[in-house]
Amino acid sequence: MESMTDNNLDKLQESLSLKFYKTGFLHQALIHSSYLNENPKEFKTSNDRLELLGDSILGAVVTSELYRLHPEWQEGKLTEARAEIVSGDALSKVGKRLNLGMYLTIGKGEESNGGRTRPSNLAATFEALVGALFLDQGFEA
């Protein structure tokens, strides 16, 4: 029998036009530390490590594309453009546009404080999603 979680993962993958080979990576990307704090025996880890990885991957990919697209730009201009693109504000807008908040597994306290729509959570979840996709399918994905 398919669980609600599996159904939600399928819906998210469909909405993103992605198919994870190992949905465990996607599932982990959606577990906020507040849920883990309230339910320590249910999962071993939150999305924090994937967020760190995703942040690094995004920085590398964005920098590479800016470098390729703008050979006339000096290091300072490249750094400035990258910072704007991978800023928390920009990434939270992407997370909001992708409706990541509705898929996020969060604790009761975080839920009651608007955690599904909090920009920092949306940005972090997007970064975790990128990290999960990288682990599942590599740089090309």
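Here is a short tour of a predicted model, going from helix to helix and ending at a pocket and a salt bridge.

**Stop 1: α8 against α6**

Start by selecting residues 119-137, which form helix α8, and then add residues 88-97, which form helix α6. The two pack at an angle of about 80°, with their axes 7 Å apart. Angles from 65 to 115 degrees count as roughly perpendicular, so α6 and α8 are roughly perpendicular to each other. Now show side chains where they touch. On the α6 side, pick Gly 88, Leu 91, Ser 92, Val 94, Gly 95 and Lys 96. On the α8 side, the contact is made by Pro 119, Leu 122, Ala 123, Phe 126 and Glu 127. Colour this set by type and you'll get six nonpolar, three polar and two charged residues.

**Stop 2: α8 against α4**

Keep α8 on screen, hide α6, and bring up α4, residues 48-69. Here the axes of α4 and α8 come within 6 Å and cross at roughly 80°, which makes α4 roughly perpendicular to α8. From α4, select Leu 50, Glu 51, Leu 53, Gly 54, Asp 55, Ile 57 and Leu 58. They meet a run of α8 residues, among them Ala 124, Phe 126, Glu 127, Val 130, Gly 131, Phe 134 and Leu 135. By type, the residues of this α4 and α8 contact split into eleven nonpolar, two polar and three charged.

**Stop 3: the largest pocket**

Stay with these two helices and switch on a surface. Which residues are the closest to the centre of the largest pocket? Select Ile 57, Leu 58, Val 130, Leu 133 and Ala 141, and you have them. In total, 13 residues line this pocket, and the space in the pocket comes to about 240 Å³. Both α4 and α8 give two or more residues to the lining, with α8 supplying the largest share at five. What is the lining like by residue type? It has twelve nonpolar residues, one polar and no charged ones.

**Stop 4: a salt bridge on α4**

Last, slide along α4 to Glu 65 and Arg 68, whose side chains meet in a salt bridge at 2.6 Å, N to O. The pair sits three residues apart in the helix, so about one helical turn separates Glu 65 from Arg 68. The whole structure has four salt bridges.

Note on methods
Residues are numbered from 1 along each chain as its sequence is written. This is a predicted model: local features need pLDDT of at least 70, side-chain atom pairs count only at pLDDT 80 or more; totals for chains, interfaces and linings use all residues. Side-chain values use heavy atoms; hydrogens and water are left out. Axes are lines fitted to C-alpha atoms, for helices over the stretch in contact, and angles run from 0 to 180 degrees between N-to-C directions. Helices (H or I, at least four residues) and strands (E, at least two) are DSSP runs, numbered from the N terminus. Angles under 35 degrees count as roughly parallel, over 145 as roughly antiparallel, 65 to 115 as roughly perpendicular and the rest as oblique. Contact means heavy atoms within 4.5 Å. Ala, Val, Leu, Ile, Met, Phe, Trp, Tyr, Cys and Pro count as nonpolar, Asp, Glu, Lys and Arg as charged, and the others, Gly among them, as polar. On a 1 Å grid over the protein atoms alone, a cavity is a set of points where a 1.4 Å probe fits but cannot get out, and a pocket is an open set with protein on both sides within 12 Å along at least five of seven lines; lining residues have an atom within 4 Å of a point. Grid points are joined across faces, edges and corners, and a volume is the space filled by probe spheres set on the points.
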